[in-house]
Amino acid sequence: MSVLTRDEAQTRAQLLDVHRYLVDLDLTTGAETFESTSTVRFTARAAGDTFVELKPETLHSATLDGEALDAAALTGNRLPLSLTEGEHELSVTTTMRYSRTGEGMHRFTDPTDGESYVYTQLFMEDVQRVFAAFDQPDLKAVFELTVTAPEGWTVLANGITERQSDGRWKAAPTPLLSTYFVCVAAGPWHSIRTEHAGLPFGIHCRRSLAPHLDADADEILAVTRACYDRYHEKFDEPYPFDSYDQAFVPEFNSGAMENPGLVTFRDEFVFRSAVTVTERQTRAMVIAHEMAHMWFGDLVTLRWWDDIWLNESFAEYMGYQTVNEACADLFPDTWVDFGVTRKAWGYEADQRPSTHPVAPDPETVPDTASALLNFDGISYAKGASALRQLVAWLGEKDFLAGINIHFKRHRFGNATLADFIDNLAAATDRDVHGWAERWLRTTGVDTLTPRLDGEGGRWRLTVDRDGSRPHRIDVGVYDRDATGELVLRERRAVDVPQEAPAELTGPRPALVVLNDEDLTYAKLRFDEVSEESALRGLSRIPDPLTRAVVWNAMRDMVRDGDLAPADYLEFALAHLTAETELSLVQGVLGFARTQIADRYVTGDERPAALATIREIARALLRRTEDGEAPGLRLTAVRALIDSATTPDQISSWLEEGTVHGGPELDPELRWRILARLAVLGATDETAIAAELEFDPSATGQEGAALCRAALPETAAKEAAWAALFDTDELSNYLFTATARGFWQPEQAELVREYVPRFYPAATALGHRRGAAMAEAAGRYAFPGYAVDADSLALGESHLATATMIPALRRKLVDQLDDLRRALTVRSIRPS
């Protein structure tokens, strides 16, 4: 298959003006394939040759202006067209294959009740798996869809759908859309419909999840309405589509997709089991993120994929900011969670060899395959951080004024970075172009360190910068009161680089925290006195956002080799047991468990690391015995399960169906316990099969796959490996579950022989199954537990000699860099 290049897209955009697609899909022809007919009406501005893209199982016919085209001319995914100047109509009839990888038209049969569902995910270049199209974002058109579906199904689409007298479903014509936004979701959906601001709103899920969606419907719809209203306060352009549906779909690869009028979400957001308020906040943020795309991405769309950050960074920033503003009664500390989870993702991505600017040089994104690699922590978290810094520097009033100029000038069209910056500049006298060059065209993370000089009651604060970007930050100056609590003396805005040191009066501060409100994107260090105060008195800092800034600094210090992993764990033990902000507890425990215990300490040190995590979790359990903090208690229970080194306690929980003092075990906790027992060799196939009979849902199937792969038995590992790499039968989710169970630090000797087998197996899988599965293999099936020089050498040798698809190569580059970093961190000794 050929990937589309930027040059080809530009040439085709100069030649064609695409007006309308008439798409007819027949979903009644069996479980493996469906029928697809597309008619495209377009104008050629001059005579010339071009092509239309499609990836059919069978191409039945193609006609151009009524004249048959040679089906044998289809080469890969391209059907050549020779055009005269003027109006044209192209019709293509195909049989297409359903996907099990979350790409194109994905088909899923629910093991709970046997009902089937299909939905499209057409991002980047997967519309070709569903119907023939001129597949690039700047050839927008109107889409009219007709779908024939089995009796009892409901069809959802970008526009309002109606069932016709002949049993087919017809969707209202769309406004001008890019091809990758077209969406169909069909099946026997459980739907909750309402109306807001004169528009139909709906939420939809599989029938087997109906009780869980019903339980959360009020919250989901309240968040949706609040965000919708807040965006209409911010944006001059009204919501541009005829309805707003949100479908929670199975086996979805991403968190969600911003299809206009029909947002699709992974249906794990319909919670089957108990979750924390932080996890609910994440769902709210994703709802807000996708709704922001209705304007930035859908109404105004990038011209080429080098500007994907214009979609994702904006939606990421606006998602957090809007939930923080519109849903503060439900989720009061949204930016704390961003700082602990999303920002760390950006920092890590930006320090790998694969880093790239937020707005990459167009020459580095020559085709769609290279563009796909930029959907990472830089385009999302770093870009959102840059926009938050831009708002701090520019002011929100001018920022929103520039955004509204952008929407007005490019509505239902396409725009570039240059357009965006010009529109921001039109709303301010600040040098936005200069800011953009230094923030959006550069890579890496600046490091800011305070330096205090003076004595008595006069001090001079200088912020040393290792890097090149300008920063507007808040500096928090803290004193220690008579009880030992850290008290804010003042918080002042400082521009870095400084024209002159900041003057402080009064005694020498106990603690100086740069970027105290987390308004910029930079790693932080402390002066000597502040470092001692921060590390020893972290839980006594009053503001949770400030504590998040300090915890992030400590995380960076571990990763950079400036703080021993064992010291981090001791500080976590000292301070996390008193922490009240749930997102901080979850973030710190997550880093401690998955990075420190599994990668940053040696095998000999690992038992002590796990023991410390268990000690933290037990202390949190004792704190929550009164039932006042169920989310904190649930987090502690999960940590105890995941860090267990003996089966006794968690086995008794599973047998009794409850944790002493609560909570009762729901499906998520039961599968979590069984997975840990499998790792420890304390369960077997009989118990796994019994649990699956108790919970035969899709999530249960995934839990069973993970548990079976985690069993410390030669036959179990051989069977899991064959399922992963020797056949292509696993769906994307079952592949991920099996891969997550396979490698376990406790089973290092058992799986050692598979480490050298991974690289050729993953490479072959990528060539067979494509980018989504290759990314899953690189992320979840990589032997990350094997932190040793031999494993690193194996990977580096394979990278140097093997031909692999770009998605897998990028993932392996990142994984090997993380492995290299882990080897360095292991050499750091505790203080």
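These notes cover the nonpolar cores, one helix and a set of paired strands in a predicted model.

1. Main core. The largest nonpolar core holds 260 residues. Within it, Phe-399 and Leu-440 touch the most other members. Helix H14 (residues 582-600) gives the most to this core, namely ten residues.

2. Around Leu-440. Set aside its neighbours within four places in sequence. Leu-440 is then in contact with Trp-309, Pro-357, Val-358, Ala-359, Ala-386, Leu-417, Ile-421 and Trp-435.

3. Second core. A separate core has 27 residues. Leu-156, Ile-308, Val-365 and Ala-698 are among them.

4. Helix H21. This helix spans residues 714-726, 13 in number. From first C-alpha to last it reaches 17 Å, close to the 18 Å expected at 1.5 Å a residue. Its buried residues are Ala-716, Lys-717, Ala-720, Trp-721, Leu-724 and Phe-725. Seen down the axis, they fall within an arc of 130°, so they line one face of H21. Ala-715 and Asp-726, on the other side, are exposed.

5. Cover over H21. The buried residues of H21 are covered by elements including helices H20 (698-710), H22 (732-742), H23 (748-751) and H24 (755-769).

6. Strand S2. Residues 33-44 make up S2, and nine of the twelve are buried, so the strand is largely enclosed by the rest of the structure.

7. Partners of S2. Strand S1 (residues 16-26) pairs with S2 in the antiparallel sense over ten bridges; Leu-22 has Thr-39 of S2 as its bridge partner. S1 and S2 form a hairpin with six residues between them. In the turn, Gly-30 has a positive phi of about 125°. Strand S7 (residues 86-97) also runs antiparallel to S2, joined by twelve bridges. Ala-44 has Gly-86 of S7 as its bridge partner.

Notes. Residues numbered from 1 in each chain as written. Predicted model: local features only at pLDDT ≥ 70, side-chain atom pairs only at ≥ 80, totals over all residues. Heavy atoms only, no water. Core = buried A, V, L, I, M, F, W, Y, C linked by side-chain atoms within 4.5 Å. Buried < 20%, exposed > 50% of the residue type's maximum accessible area, 1.4 Å probe, protein only. Helix = DSSP H or I, 4+ residues; strand = E, 2+ residues; numbered from the N terminus. Contact = heavy atoms within 4.5 Å. Expected span 1.5 Å × (residues − 1). Arc of directions from axis to C-beta. Pairing = 2+ DSSP bridges.
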